[in-house]
Every structure is written in structure tokens, then in C-alpha cells.
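This report examines one protein chain with attention to its helical packing, its nonpolar core, its largest pocket and its charged side-chain pairs. The sequence and the coordinates are shown first.

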Amino acid sequence: MEKRWPLYAAAKTAIEKLGRDLRDARRRRRISTTTMAARARISRSTLYRIEQGDPGVSMSSYTAVIFALGLLDRLRDAFDASHDVVGLGLEAENMPKNIVNKRYGS
């Protein structure tokens, strides 16, 4: 019986794409599933689940595969504040228009 995960369809699609992308990166590097699993220190069955985009696999297992592929820098910068257009826009909206120095009255 397949386990159901309460994910939005877009999130499920994104995780499945991540799995396919990791599989493709492994194949481009001509790394076997046995070797990749050993390098990531996970089982082959966990690697298979990652490459299928299984949302039940821990983030640490996904990260281990990303690290083993040499792609950790991309993950580290994925959510950097400088790339957060919405957050930066909201922050800019909330910036004070005028700054009054109460000590000097201006």
C-alpha cells in the first residue's frame, strides 16, 4: 500500500522533478546506483526512492546525494535572501520613509 503525503500538487511535482534531476546528474557522471548509494551513505532503495521524488525520504538523504554529486553549493544558495524577490519587496515597503532623530528633533 502506497503511503499518502499531504502535499500540494505543485510541491509534489517539484520533488519529483528534483528526483529526476538528481538521477540525470548521476547518469551524466556515469555513476552506478551502487556507487552513488555508497558515496551518499544511504541504501540503494533509498536512492531509488529519492530518484522517484518520494517526499517521505528525509531531507538529509536528499542532501547526501546532492553532496555526493558535488552540487551542494546550489542547495546552499537556493534560498539565499538576496534571491527572495517577494521578501525583499515586502521589506522595502515597510522601510520608514523618514527617520527622525528624537534627540535632535530632526
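A residue is called buried when its relative accessible area is under 20%, exposed when that area is over 50%, and partly exposed in between. K12, with a relative accessible area of 39%, is therefore partly exposed. The structure discussed here is a predicted model.

## Salt bridges

How many salt bridges does a search of the whole structure find? The search finds 6. Three of them, with the distance between nitrogen and oxygen, are listed below.

| Pair | N to O distance |
|---|---|
| E16 and K12 | 2.4 Å |
| D21 and K17 | 2.6 Å |
| R23 and D24 | 3.5 Å |

E16 and K12 are 4 residues apart in helix α1, so about one helical turn separates them. The acidic partner, E16, has 25% relative accessibility and therefore counts as partly exposed. D21 and K17 show a spacing of 4 residues in helix α1, again about one turn of the helix. D21 is partly exposed because its relative accessibility is 33%, and K17 is partly exposed because its relative accessible area is 42%. In the pair formed by R23 and D24, the residue D24 has a relative accessibility of 29% and so counts as partly exposed.

## Helix α4 and the nonpolar core

Helix α4 spans residues 59-68, and its buried residues are S61, Y62, A64, V65 and I66. Which helices help to cover these buried residues of α4? The cover includes α1 (9-28), α2 (33-40), α3 (44-51) and α5 (72-77). Just after α4, G70 adopts a positive phi of about 80°.

The largest nonpolar core comprises 16 residues, and those with the most contacts inside it are L22, M36, I42, L47, I50, V65 and L69. Helices α1, α2, α3 and α4 are the elements that give two or more residues to this core. The largest share, 4 residues, comes from α4.

L22 illustrates how the core is connected. Leaving aside neighbours within four places in sequence, L22 is in contact with I50, Y62, V65, I66 and L69. Of these partners, Y62, V65 and I66 are also among the buried residues of α4.

Is S61, a residue of helix α4, buried or exposed? With 13% relative accessibility, S61 falls under the 20% limit and so counts as buried. Apart from residues up to four places away in sequence, S61 touches I42, T46 and I50. Two of these partners, I42 and I50, are listed with the residues that have the most contacts inside the largest nonpolar core.

A68 also has its place in helix α4. Not counting residues up to four places away in sequence, A68 touches M36, R39 and A40. The C-alpha atoms of A68 and G56 are 20 Å apart in space, while the two residues are 12 residues apart in sequence.

## A buried glutamate in α3

E51 is found in helix α3. Its relative accessibility is 7%, and E51 therefore counts as buried. Which residues is E51 in contact with, leaving aside its neighbours within four places in sequence? The contacts of E51 are G19, R20, R23 and R26. R23 is also the residue that forms a salt bridge with D24. Along the chain, E51 and N98 are 47 residues apart, and their C-alpha atoms are separated by 52 Å.

## The largest pocket

The largest pocket has a volume of about 510 Å³. Its lining consists of 20 residues, of which L18, D21, L22, I66 and L75 are the closest to the centre of the pocket. Helices α1, α4 and α5 each supply at least two residues of the lining. Which helix gives the most to this lining? Helix α1 does, with 8 residues. By residue class, the lining divides into 14 nonpolar, 1 polar and 5 charged residues.

Several residues already described recur at this site. D21, one of the lining residues closest to the centre, is joined to K17 by a salt bridge. L22 and I66, likewise named among those closest to the centre, are in contact with each other. I66 is also one of the buried residues of α4, and L22 is one of the residues with the most contacts inside the largest nonpolar core.

Note on methods:
Residues numbered from 1 in each chain as written. Predicted model: local features only at pLDDT ≥ 70, side-chain atom pairs only at ≥ 80, totals over all residues. Heavy atoms only, no water. Buried < 20%, exposed > 50% of the residue type's maximum accessible area, 1.4 Å probe, protein only. Contact = heavy atoms within 4.5 Å. Core = buried A, V, L, I, M, F, W, Y, C linked by side-chain atoms within 4.5 Å. 1 Å grid on protein atoms, 1.4 Å probe; cavity = no way out; pocket = protein on both sides within 12 Å on 5 of 7 lines; lining within 4 Å. Points joined across faces, edges and corners; volume = space filled by probe spheres on them. Nonpolar A, V, L, I, M, F, W, Y, C, P; charged D, E, K, R; others polar. Salt bridge = Lys/Arg side-chain N within 4 Å of Asp/Glu carboxyl O.
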